[in-house]
Amino acid sequence: RACPRSTAMAHDEMDEALLPASAQESRKCPSRSGAANFRRLLSTLIFLAAIFLVVSRWLNLFNAAEASQYTHVQYLGFSLFTVPGTAADGCFGQNRSTMAKCFLGATDVEEDLEARMRVMNTAIESAHASANWDRSNATLKIFMAPEFFWRGPQGAYPMTPEFATAVRRIIGDLEQRLGSDRFQDWLFVLGTVIAVRVDQEDWVATGNSEDKDEESRMSYFNFAPVQIGGTSTMKIQFKHYISTLDFPDTTSREGAPPPVPRPTKRPECFVQRSFTEDCRLRYGEMTADDVRHELGFKDASVLVDGVFDVKGLTIGLEICLDHMLGRLVADLGPRKFVDVHLISSAGMNIAGGPVATNQGNPIFLADGFGRTAMSLNIYGRGREANKLLTGRFHYDVGVVYGADSNVELGQWASSIIAAFAGNNPGAARIAGMGTLPGGYQGNAAGFEFTQINALGKDWLTMLEGFFDTASYKEALRIFSLVGADVNRRVKKEHRHLFNNLPDGSAYFPTIDMYGPIPVNGKWT
């Protein structure tokens, strides 16, 4: 339909004939021409935006691939009891009275550190000697030990010049060993160290002081040394919040120095497990210079927010109660994530706090109650929580795959029942729902899982007097009793078995190997 023309345009038809066709159309129908120009401009902008998105995505993929050589991670969790011992571990007070709990270890600080170093080094060497870790340089191997691995018979190492000297030598030797080329593409979280700084040196030796206000003179520290394998890079992550379990009510063992005082004069903060702001007891933190001079870690840097980088892979680390209180997620903010979330703890679980990975990326836990665990945040809702009937929060991290002696003992007993009866109790329970990954029925979890002996045949001698061994002894006794009865029945009754009998093995510290597990690259 023709546009109505103005009088001026009608008088100018001869000049119009001399103009290009597009210009003639523009003069004849300005409104139609403006709409067409707008459509052309819009199409051009959309086309350029599409090109920009394609190029940006290509560049991001290129940069991510270039920034991180790792496409997978493999978790090598050191499963060990690091919590205080009981009377079953020889915890007796004056006059051989039975005590509820006590801190284990040697009175001489250097002897104590040496013994714990032998345990740590043996576990690392056992993991490295295994054929089960992925030799690919595209897989980062993550070895992690539980909280409280280093604490001594007082529950915390007094920060004396002798302590710093011993750490400098003993930990220095470990740093040098882990820095060798054979540990390229490994990462080590070496448990945590508990230390206390006191103003009056005579208290450290005797526990006596005229000043009864001990708490005001003391600063407590709980930190994880982290070393990137194949390098001299050592990082320190400090724990922020003091938990109920960190300093339980203990008495000194016979012949041992007194335990450090509990860091509070408000028992309700412990008894009621109150973590309101006024009850949140905090550990101290140090600068890198303090760490070098007072703790003996000569070249360590201090992590500010628990996040660090390993060849382009972003790692986040929390210690126990910090996870429950969401410290890492709070530091990251709502729009940032890490590729791998690590938790070193004693009495924590992955779903007990918000996780910092994006959907599908792993969270690994090593707990001092002899447990390791992994989750993949499969629904991507690991920062959302609901209250349980107990009143505590449970975060929606999805399936959690865990390994410990209790679970393995239950699976072992279940497999024996199935061998004799033909039906397996709880056979419909999928891997991860309270069971080891895959259990005794093979790799049912969809990823590789292996347990190996962490400390060899001399594990009990190595641990005795320094770590809780009573739990392992009881597990071994139960395995032995049930195993002997099974063998007797098979031989004497000539029983037909529906399945092969499993071998029970989780009555000693283990290295629990999860994966390799794919990671989705760096998420921001």
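# A walk through the model, starting at A195

Select A195 to begin: leaving out residues up to four places away in sequence, A195 touches A156, Y157, M159, S219, Y220, F221 and L295, where a contact means heavy atoms within 4.5 Å. You are looking at a predicted model, in which local features need pLDDT of at least 70 and side-chain atom pairs count only at pLDDT 80 or more, while totals for chains, interfaces and linings use all residues. Residues are numbered from 1 along each chain as its sequence is written, and side-chain values use heavy atoms, with hydrogens and water left out.

**Stay on A195**

Is A195 buried or exposed? A195 has 0% relative accessibility, so A195 counts as buried. The cut-offs are: buried is under 20% relative accessible area, exposed is over 50%, and partly exposed is in between (1.4 Å probe, protein chains only). Now add A156 to your selection: its C-alpha is 4.6 Å from that of A195, although the two are 39 residues apart in sequence. A195 sits in strand 5. Helices (H or I, at least four residues) and strands (E, at least two) are DSSP runs, numbered from the N terminus.

**Strand 6 and its partners**

Next, select residues 218-228, which is strand 6; 10 of its 11 residues are buried. Two strands pair if DSSP finds at least two bridges between them. Work through the partners one by one:

- Strand 5 (residues 193-198) pairs with strand 6 in the antiparallel sense over 6 bridges. Look for I194 opposite N222 of strand 6.
- Strand 4 (residues 186-190) is joined to strand 6 by 3 bridges, and the two run antiparallel. Here V189 stands opposite V226.
- Strand 7 (residues 234-238) is joined to strand 6 by 5 bridges, again antiparallel. K235 in strand 7 is the bridge partner of V226.

Before moving on, color the turn of the hairpin that strand 6 and strand 7 form: there are 5 residues between the strands, and G230 in the turn has a positive phi of about 75°.

**Over to D299**

Jump to D299, in the loop between helix 9 (288-295) and strand 8 (300-302). Why does D299 count as exposed? Because its relative accessible area is 52%. Leaving out residues up to four places away in sequence, D299 touches M234 and R292. The C-alpha atoms of D299 and M234 are separated by 6.7 Å, with their positions 65 residues apart along the chain.

**Helix 6 meets helix 9**

Select residues 161-178 for helix 6. This helix has 18 residues and reaches 25 Å from its first C-alpha to its last, close to the 26 Å expected at 1.5 Å a residue; the expected span is 1.5 Å times one less than the number of residues. Its buried residues include F163, A164, V167 and I170. An α-helix has 3.6 residues a turn, so residues three or four places apart point the same way.

Now show helix 9 as well. The axes of helix 6 and helix 9 come within 7 Å and cross at roughly 100°. Axes are lines fitted to C-alpha atoms, for helices over the stretch in contact, and angles run from 0 to 180 degrees between N-to-C directions. That crossing makes helix 6 roughly perpendicular to helix 9 (under 35 degrees counts as roughly parallel, over 145 as roughly antiparallel, 65 to 115 as roughly perpendicular, and the rest as oblique). Show the side chains of F163, A164, V167 and R168 from helix 6, and of R292, H293, E294 and L295 from helix 9, which make the contact. These residues divide into 4 nonpolar, 1 polar and 3 charged. Ala, Val, Leu, Ile, Met, Phe, Trp, Tyr, Cys and Pro count as nonpolar, Asp, Glu, Lys and Arg as charged, and the others, Gly among them, as polar.

**A six-stranded sheet**

Find the open sheet whose 6 strands come in the order 9-10-11-12-13-16, with mixed pairing. At the edges are strand 9 (307-310) and strand 16 (400-404), each pairing on one side only. Strand 13 (residues 371-375) and strand 16 run antiparallel, joined by 5 bridges; pick A373 and you will find its partner G402 in strand 16.

**Last stop: helices 12 and 14**

Select residues 405-421 (helix 12) and 470-493 (helix 14), which pack at about 5° with their axes 11 Å apart. That makes helix 12 roughly parallel to helix 14. Among the residues making this contact are W412 of helix 12 and F479 of helix 14.

Finally, zoom out: the protein chain has 14 helices and 18 strands, and buried residues make up 50% of its 524 residues.
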